[in-house]
Amino acid sequence: MSKMKNRITKHIAALVASLFVAICVLSCKDESPYYNVENKLQQFDGNALAYLQTNAPTYDSLLKVLERLPDLKDTLQNQQVTLFAPTNENFTVALKNLNFYRKQAGKTLINLENADLNQLDTMICKYIVKKQYLTDDFKAFLEGIYVRSIKVGEQMHIEYGKENASGYVGGGAQVVKYSDTKSGFVRAYWERSETTAVNIKTNNAVIYVISPMHNFGFNEFDKRLNK
């Protein structure tokens with residue numbers, strides 16, 4: 001009788017343990033907001049410039065520079081491009097670093113209204129490439145793809161990946177890394193930026209939003225403007 005009772009007790013304990021494991025697995029899936037997340041195509045009825053203007057609180061700095069560069073404004077209105085859009089935070093970080101050292105040296109502070117226009121032009125061009133690229137266009141390229149920036153033709157690089165989430169390898173949000181290769185193929189010397197949003201489709205462009213941690217100019221802002 002006692003042996004039978006022990007077997008029953010062990011059987012119940014095993015069932016309880018199995019149930020507990022199943023609950024844990026299910027709850028882990030549910031509690032992660034990134035589990036199997038897809039950044040689906042967002043359609044905007046208008047051109048790339050109109051998209052930036054509609055979301056002006058995020059892109060005030062970029063729009064301010066574009067006002068000084070009418071040819072780039074025209075590009076974002078009429079040409080087929082992919083834009084890796086820098087936000088206000090990207091410009092703020094770059095200006096803060098530049099002006100810290102200029103102030104220490106007793107130099108005049110620089111803002112987007114008085115910064116050297118040719119240098120701004122070159123740096124803005126790094127964020128715009130010819131042709132529209134959705135994430136589906138480079139998912140299959142494990143090492144990413146090389147592209148050229150407009151006008152200047154600098155070699156840039158786009159790489160697709162997915163974050164891990166709750167123990168699921170590649171189960172999280174899509175991530176696109178955009179890099180300035182500095183005209184070389186040794187990745188250790190590249191300047192990279194991740195994106196926080198992908199696949200924003202306008203009438204003439206695809207837009208990716210640059211991470212707020214990125215220093216506008218791919219760490220060339222100080223060198224180009226601190227003269």
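These questions and answers walk through a predicted model, from a helix pair to a hairpin, the core and one loop.

Biologist: What are the ground rules here?
Modeller: The model is predicted: local features need pLDDT of at least 70, side-chain atom pairs count only at pLDDT 80 or more, and totals for chains, interfaces and linings use all residues. Residues are numbered from 1 along each chain as its sequence is written, and side-chain values use heavy atoms, with hydrogens and water left out.

Biologist: At what angle do the axes of helix 3 and helix 4 cross?
Modeller: Helices (H or I, at least four residues) and strands (E, at least two) are DSSP runs, numbered from the N terminus. Axes are lines fitted to C-alpha atoms, for helices over the stretch in contact, with angles from 0 to 180 degrees between N-to-C directions. Helix 3 spans residues 56–68 and helix 4 residues 70–78; their axes come within 5 Å and cross at roughly 115°.

Biologist: Which residues of helix 4 make the contact with helix 3?
Modeller: Contact means heavy atoms within 4.5 Å. Helix 3 brings Leu 66, Glu 67 and Arg 68. Helix 4 answers with Pro 70, Leu 72, Lys 73 and Leu 76.

Biologist: Which side chains of strand 4 point to the buried face?
Modeller: Buried means under 20% relative accessible area, exposed over 50%, partly exposed in between (1.4 Å probe, protein chains only). In a regular strand the side chains alternate between the two faces of the sheet. In strand 4 (residues 145–148), Tyr 146 and Arg 148 point to one face and are not buried. The buried ones, on the other face, are Ile 145 and Val 147.

Biologist: Which residue in the hairpin of strand 4 and strand 5 takes a positive phi?
Modeller: Two strands pair if DSSP finds at least two bridges between them. Strand 4 and strand 5 (residues 155–162) run antiparallel, joined by four bridges. Six residues lie between the strands, and the positive phi, near 65°, belongs to Lys 151.

Biologist: Which element gives the most to the largest nonpolar core?
Modeller: Such a core is a set of buried Ala, Val, Leu, Ile, Met, Phe, Trp, Tyr and Cys residues joined through side-chain atoms within 4.5 Å. This one has 54 residues; Leu 52, Leu 76, Ile 124 and Phe 221 touch the most other members. With six residues, the top contributor is strand 8.

Biologist: Is Glu 220 buried or exposed?
Modeller: Glu 220 lies in the loop between strand 8 and helix 7. Leaving aside neighbours within four places in sequence, Glu 220 contacts Met 123, Lys 126, Asp 180 and Lys 182. Its relative accessible area is 8%, so Glu 220 is buried.
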